[in-house]
Amino acid sequence: MARKVRGVLSGFETYMDQKDTWAFRNAPALIDNPVAYFTAEYGFHETLPIAAGGLGILSGDHARSASDLGIGLVGISLFYREGYFQQSINGDNWQTEYYVPLHPDSLPLQPVLKPDGDRYVGEVEINLANVRFQAWKVHVGRCPIYLLDSNRPENEPLYRDLTLHVYGGDSSTRIMQEILLGMGGVHLLRDLGIRPSLYHMNEGHVAFLVLELIRERIAQGNSFKEAFSETRRQCVFTTHTPVEAGHDRFSPGLMKYAFQRVQPQITDSFDDLMALGRIDPGNQEESFCMTVLGLKASRSANAVSELHGRISRKMWRPLYPGKSEDDVPIGHITNGIHLVGWMKGPVRRFWSNKLGANWDKDINEPEFWQRVLDWEFVSDAELWALRYRLRRALIEFTRRRFMMKRMPRHNPHEFDRLLNPDALTIGFARRFATYKRAPLVFEDYDQIVRLVKNPDRPVQFIFSGKAHPADDEGKRRIQKIIHLSQHSELRGHLVFIENYDVHTARQMTSGCDVWLNTPRRPMEASGTSGQKIISNGGLNLSILDGWWREAYDGTNGFAIGEDSHPDSVEEQDRLDNINLCKVLSEEVLPCFYDRDDRGIPRRWIEKIRRSMATMLPKFTTWRMVQEYVQKYYLIDPEQH
Ligand SMILES: *Cc1c(COP(=O)(O)O)cnc(C)c1O
């Protein structure tokens, strides 16, 4: 064991000491003056559950790849001391929420200290109060991430609890959280002596950082106009969703209250402050939109897939009067994942057995994945054995989960037969937001029952995911799926795993053969979970939305429907369900169960090879972060 630990440590030290990084050659300017990446959530690992969903996981993977590339990047977010909620399903199959306190002492967090060794304490003005905050540092390889935490004894309870929960409370909690994150985050950077060359706003929640940058410059004697244009030259903005509720909006009354002490330091009048978050600055009725502030105050902006770029240009065109939709300055960079981070242990060992200790050196190069197409390098039998091992591990994980939950009342062997390690295993796991339409596949109940109950071609579904605590419709969908799993003919072919998190995501995205995604087009701005499955040899089955319509080429997975959609939502739901049943019965099942005399599905494995070779070099944060550097971090469009 000691030897193993020494090995890991020396590998880590080599990684940290590496000098000739991609950024050393391509972005040296960012090393002394880093990018400050502001985001409301970070998902690194299940032990630090402070992400609500894909946005947080993406931020985490962004940081991991920035470290791999050697990019100067400093992360700013909040330390939510009870994180995101834990999901429990009650006797009525209804989601209930509870919170578990996190203990910084037992997590990979270091308190930020002052030079004299005392705890650092910063301060930010919210409402009428001076709110104090401390900070925790997470080392993500070479990139430091700072998490602000208002849990200070000097604060009144209201302010102490600001950072209790991810996206917690009502809009007044949210505005205060966001002031702390945006304005407090800039204070922290100043106090630490970090001089960012650029501020990357990851979604609107963080956009108040702009107000702090303006305030600072005015305090130094600049006019508002100068301060605003200087600030704008240092900011870039990423929008992540076309869903209306994903864009924070605050009423004038709330804004007035929250900024009563700060506003006079920024603008002449309160209306001038409101104008920064309004599409029509003169409209007194309009609320303050964080995305509008982010877009107005950034030198460039992007969406997270090609289609999402198009939708965002349409959505935000009113902000750019006189411009046609195509000329709205919102580009796109398609999201990715941190590839090695999402490859499960057996997959990493598969490659290291073939390639030796430094197996992952070229993992982001297309040539690495071209080798998967070579039958002599990787045989069908080997790939199929790997897939069996991963599916089996997921099924055992699922059995253990069910056993743990029911232990006191049930016989421990009751779950020994839950799920079939040889059956085609289809996974669906993500937030239960309405547009993701989790139960769509069960809409045509009779047909799906007929499909899954064929004893020659068994099929099973594993579902998981959390509904937002206030989203009763999402909770009804969870309830419906659990009900089907217990009291319908799908019993034995369908399970719901409680409390989706990074750990469950890792099990599911490695063990499932097929990853199902049924968003209502074009609401899935990008999506990333389907990319995780590919790194482990699963196949993606999805509506042609977000990243998938850029990746799918007819040979490397399965598409539901066409690269278009009708205007009517009802019509779309109806068509998508028909197309889903069609692709399952005509493509997915026949391909998986077309076996040779050794029991190997040759056509299926060919698809796995195609899927890895065509997609793994592209849909990673290694490629994505390079694109951010080259198109956004190093280029000021107004200087070129
Ligand atoms: C990858 C991931 C997501 C994002 O899933 P999408 O299906 O792309 O929305 C959400 N939650 C967790 C825990 C993840 O690992």
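These are my notebook entries on the ligand, the two domains and one arginine in this structure.

**Entry: ground rules**

I am working with a predicted model, where local features need pLDDT of at least 70, side-chain atom pairs count only at pLDDT 80 or more, and totals for chains, interfaces and linings use all residues. Residues are numbered from 1 along each chain as its sequence is written, and side-chain values use heavy atoms, with hydrogens and water left out.

**Entry: around the ligand**

I looked up the shell first and found 14 residues surrounding the ligand; a residue is included if one of its heavy atoms lies within 4 Å of the ligand. The closest are Arg 430, Lys 436, Thr 528, Ser 529 and Lys 532.

Sorted by class, the shell holds 5 nonpolar, 5 polar and 4 charged residues. For my own reference, Ala, Val, Leu, Ile, Met, Phe, Trp, Tyr, Cys and Pro count as nonpolar, Asp, Glu, Lys and Arg as charged, and the others, Gly among them, as polar.

Next I checked oxygen atoms of the ligand. One is 2.8 Å from an N or O atom in the side chain of Lys 436. Ser 529 has a polar side-chain atom 2.6 Å from a ligand oxygen, and Lys 532 also places a polar side-chain atom 2.6 Å from a ligand oxygen. Taken alone, the ligand exposes 390 Å², and the protein buries 93% of that (areas by the Shrake-Rupley method, 1.4 Å probe).

Which helices each supply at least two residues of the shell? I noted helix 4 (54–69), helix 19 (502–511) and helix 20 (529–535). Helices here are DSSP runs (H or I, at least four residues), numbered from the N terminus.

**Entry: two domains**

The chain is divided into domain 1 (21–76 + 164–336 + 625–635) and domain 2 (340–619), with bounds from an automatic or database domain assignment. Why does the ligand lie between them? Both domains give residues to its shell, so that is where it lies.

The C-alpha centres of the domains lie 34 Å apart. Their contact (heavy atoms within 4.5 Å) takes 22 residues from domain 1 and 22 residues from domain 2. About 1,700 Å² is buried between them, and carbon and sulfur atoms give 59% of this; buried area is the accessible area (1.4 Å probe) that two parts lose on being put together, summed over both. On the domain 1 side, Glu 46, Ile 57 and Leu 307 supply 30% of the area buried against domain 2, more than any other three residues.

**Entry: Arg 215**

Lastly, I found Arg 215 in helix 7 (residues 209–219). Not counting residues up to four places away in sequence, Arg 215 touches His 187, Val 262, Gln 265 and Ile 266.

Definitions and conventions
Polar contact = N/O pair within 3.5 Å; in protein donor to acceptor, adjacent residues only side chain to side chain.
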